[in-house]
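Hi there,

Here is the structure I promised to pass on. Have a look at it first, and then read my notes on the ligand site below.

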Amino acid sequence: MAQASRPGSHRVKQCLQSLVFFRASCFSQAGGPAPITSARPGQNALFSSVPCRDPGLAAQATRCARRLAWRPGGCGVQYLFISLVQASLGVLARRRGKRVKCCDWLADLQRALRLTLATGHLLPPLFVNTDPRGAMRLSPRAAMPVPDIMCRQCNAGCNNKEIGTRVPQPLRPGPSRFIPQEEILRVGNEDANMHSVLAEAFADLGRLDNITLLMVFHPQYLESFLKTQHYLLQMDGPLPASHQHYIGIMAAARHQCSYLVNLHVNDFIHSGGDQKWLNGLENAPPKLQSLSELNKILAHRPWLITKEHIEQLLKTGENNWSLAELIHAVVLLAHYHSLASFTFGCGINPEIQSNGGPTFRPPSVGNYCICDITNGNHEGHTPAGSVVVSESSCEVEALMEKMKQLQEIRPDEMASQEEMATRFEQEKRESMLVIAADEDPPPARDVSRHFEDTSYGYKDFSRRGMHVPTFRVQDFNWEDHGYSLVNRLYPDVGQLLDEKFHMAYNLTYNTMAMHSDVDTSTLRRAIWNYVHCMFGIRYDDYDYGEINQLLDRSFKVYIKNVVCSPEKTTKRMYDSFWRQFKHSEKVHVNLLLMEARMQAELLYALRAISCYMT
Ligand SMILES: CC(C)C[C@H](N)C(=O)O
């Protein structure tokens with residue numbers, strides 16, 4: 001093996017293997033760090049395909065883990081080992097093809113360890129060794145008991161010259177600023193189902209990002225989401241990896257979603273992308289620049305997409321797109337626009353390495369950035385269900401009663417076709433008048449350079465004399481048209497998207513806040529159809545009168561913001577709808593909003609592509 005012939009690299013692999021083992025054993029133990037002492041290598045191993053061949057190292061790792069297990073409070077050893085493995089995978093990835101010195105590697109681990117212990121955060125691989133300040137020094141306040149990992153080859157503690165590491169302060173605890181950390185699954189407390197999904201997510205992404213940590217409230221959905229995302233980004237598709245990530249950046253930037261922009265900047269660089277492109281769209285290749293118009297319309301007014309837009313991109317010339325590439329790009333754009341909705345809708349916090357993530361700045365007043373303050377996000381957490389005001393105490397029961405009544409309507413009691421059409425038009429008009437937040441926060445500078453025309457957003461167009469034409473799903477729908485068109489041009493993606501849409505649409509636990517055994521289909525359908533209605537999409541067999549009965553004003557305000565202007569979603573909006581429901585149910589709502597929005601965008605883009613082709 002070429003690897004083994006390099007001094008050190010074999011050793012690195014062994015270290016990695018034993019750490020993977022212990023991380024795996026920790027991961028499989030519920031209830032915190034104590035059970036580590038009884039964990040045996042291989043037991044419920046997360047990466048069972050990686051055998052541990054070095055008992056000496058394994059014993060050393062056990063000792064180290066035992067000492068760490070006594071860390072008071074905090075993140076637990078699970079995180080620690082996740083971080084270790086991440087760090088080591090990151091180091092291996094960066095040094096692939098170069099000589100690896102085990103001392104360097106162990107020093108990296110040591111740093112990763114200290115940071116993890118002090119911050120309680122997962123460390124993305126890139127973080128280690130990429131501290132822009134270069135020298136990592138320890139402030140005594142941050143000194144933590146960190147075991148020496150001895151390198152038996154050098155017979156010394158590899159890190160003995162280092163005094164330590166300065167520790168960044170987390171700005172906000174947990175993955176979401178809307179949901180208290182205690183409500184969110186702690187890695188290690190998951191059931192078998194969640195465990196395997198998290199394991200896959202971790203293996204795939206090399207980290208458990210905040211989006212994953214929220215979506216895992218709904219493991220079946222998460223699985224389908226990750227599968228699709230994996231296919232779009234990691235399998236050989238029509239577009240090269242760097243382009244895929246750049247398109248992700250462009251799409252997220254349209255909604256000023258610095259969370260997603262930052263994630264993809266990292267991935268873009270990792271995939272060999274040219275850093276110059278990150279200085280602004282005008283530095284990217286003309287081919288990517290030409291996508292910006294479609295990006296803009298798709299994000300904010302997809303009903304305006306015509307076959308001329310498609311023709312423009314496909315026409316022969318130096319920088320033209322092929323059909324397969326265009327489908328790939330369209331799916332990526334729609335995916336990231338909708339994911340921005342999820343990110344803002346759930347108040348996702350920045351990852352540790354991002355702007356706005358843990359920082360070396362001293363904590364300032366309130367620890368919130370200015371845009372959060374203008375958004376009303378400086379208020380404390382309000383756990384869902386904890387605000388009991390008189391009108392909300394029977395909110396759930398009243399809603400359930402209405403759902404029941406709607407389910408009992410007999411076919412002969414249904415409204416006439418004309419009446420149904422009128423109700424749709426009325427709901428569509430009214431949805432335009434639902435007021436989104438009125439402030440227009442300026443886009444963050446680092447994000448705005450990825451797109452042009454920052455003033456172009458979703459507007460309450462009807463008040464400005466604009467009209468959203470009605471899109472009839474009998475003429476073009478996902479099942480009969482969109483699905484097969486995508487599958488024809490980008491095999492398997494149609495299938496994956498189809499599964500994901502179905503998963504989101506049909507997901508149910510038959511619960512409503514504290515009630516169980518409830519058929520929630522009418523409510524979920526109303527949410528889905530309301531999103532489509534805002535985009536002008538009409539199902540002629542659906543009575544849009546149901547929407548008004550089931551979705552109250554505060555919920556509509558929230559939906560409108562999350563779907564049309566996600567960057568304007570505030571904690572106040574999140575808190576003020578469905579006050580007795582669980583946070584996991586509000587995340588569930590976000591899955592519906594995100595997928596309905598994605599399907600709506602795709603329907604418009606695919607209809608235009610299909611017009612162009614015929
Ligand atoms: C979004 C919620 C109303 C979903 C509900 N908890 C269910 O299990 O179906």
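**The cavity and its ligand**

Helix H26 makes the largest contribution to the lining of the largest cavity, with 4 residues. Please keep in mind that this is a predicted model.

Let me start with the empty space. Searching the whole structure turned up 4 cavities of 30 Å³ or more, and the largest cavity holds about 150 Å³ of space. A total of 15 residues line the largest cavity, and those closest to its centre are Thr 511, Arg 524, Trp 578, Glu 585 and His 588. At least two lining residues come from each of strand E4 (511–512), H22 and H26. By type, the lining of the largest cavity is made up of 8 nonpolar, 5 polar and 2 charged residues.

Where does the ligand sit? You will find the ligand in the largest cavity. Two elements give two or more residues to the shell around the ligand, namely helix H22 (521–534) and helix H26 (583–613). As with the lining, H26 has the largest share of this shell, here with 3 residues.

If you would like to display the site, these are the residues that surround the ligand: Thr 508, Tyr 509, Asn 510, Thr 511, Thr 520, Leu 523, Arg 524, Trp 578, Glu 585, His 588 and Val 589. Sorted by type, the shell has 4 nonpolar, 5 polar and 2 charged residues.

Now for the polar contacts. Which parts of Thr 508 and Tyr 509 approach an oxygen atom of the ligand? For Thr 508 it is a polar side-chain atom, 2.6 Å from a ligand oxygen. For Tyr 509 it is a polar backbone atom, with a ligand oxygen 2.6 Å away. Thr 520 also has a polar side-chain atom 2.6 Å from an oxygen atom of the ligand. How much of the ligand's accessible area does the protein cover? On its own the ligand has 290 Å² of accessible area, and the protein covers 100% of it.

Happy to talk it through whenever suits you.

Best wishes

Terms used: Residues are numbered from 1 along each chain as its sequence is written. This is a predicted model: local features need pLDDT of at least 70, side-chain atom pairs count only at pLDDT 80 or more; totals for chains, interfaces and linings use all residues. Side-chain values use heavy atoms; hydrogens and water are left out. A residue is near a molecule or strand if one of its heavy atoms lies within 4 Å of it. A polar contact is a pair of N or O atoms within 3.5 Å; within protein, one must be able to donate a hydrogen and the other to accept it, and residues adjacent in sequence count only if both atoms are side-chain atoms. Accessible areas come from the Shrake-Rupley method with a 1.4 Å probe; for residues, only the protein chains shown count as cover. On a 1 Å grid over the protein atoms alone, a cavity is a set of points where a 1.4 Å probe fits but cannot get out, and a pocket is an open set with protein on both sides within 12 Å along at least five of seven lines; lining residues have an atom within 4 Å of a point. A molecule sits in a cavity or pocket if more than half of its atoms lie within 2 Å of its grid points. Ala, Val, Leu, Ile, Met, Phe, Trp, Tyr, Cys and Pro count as nonpolar, Asp, Glu, Lys and Arg as charged, and the others, Gly among them, as polar. Grid points are joined across faces, edges and corners, and a volume is the space filled by probe spheres set on the points.
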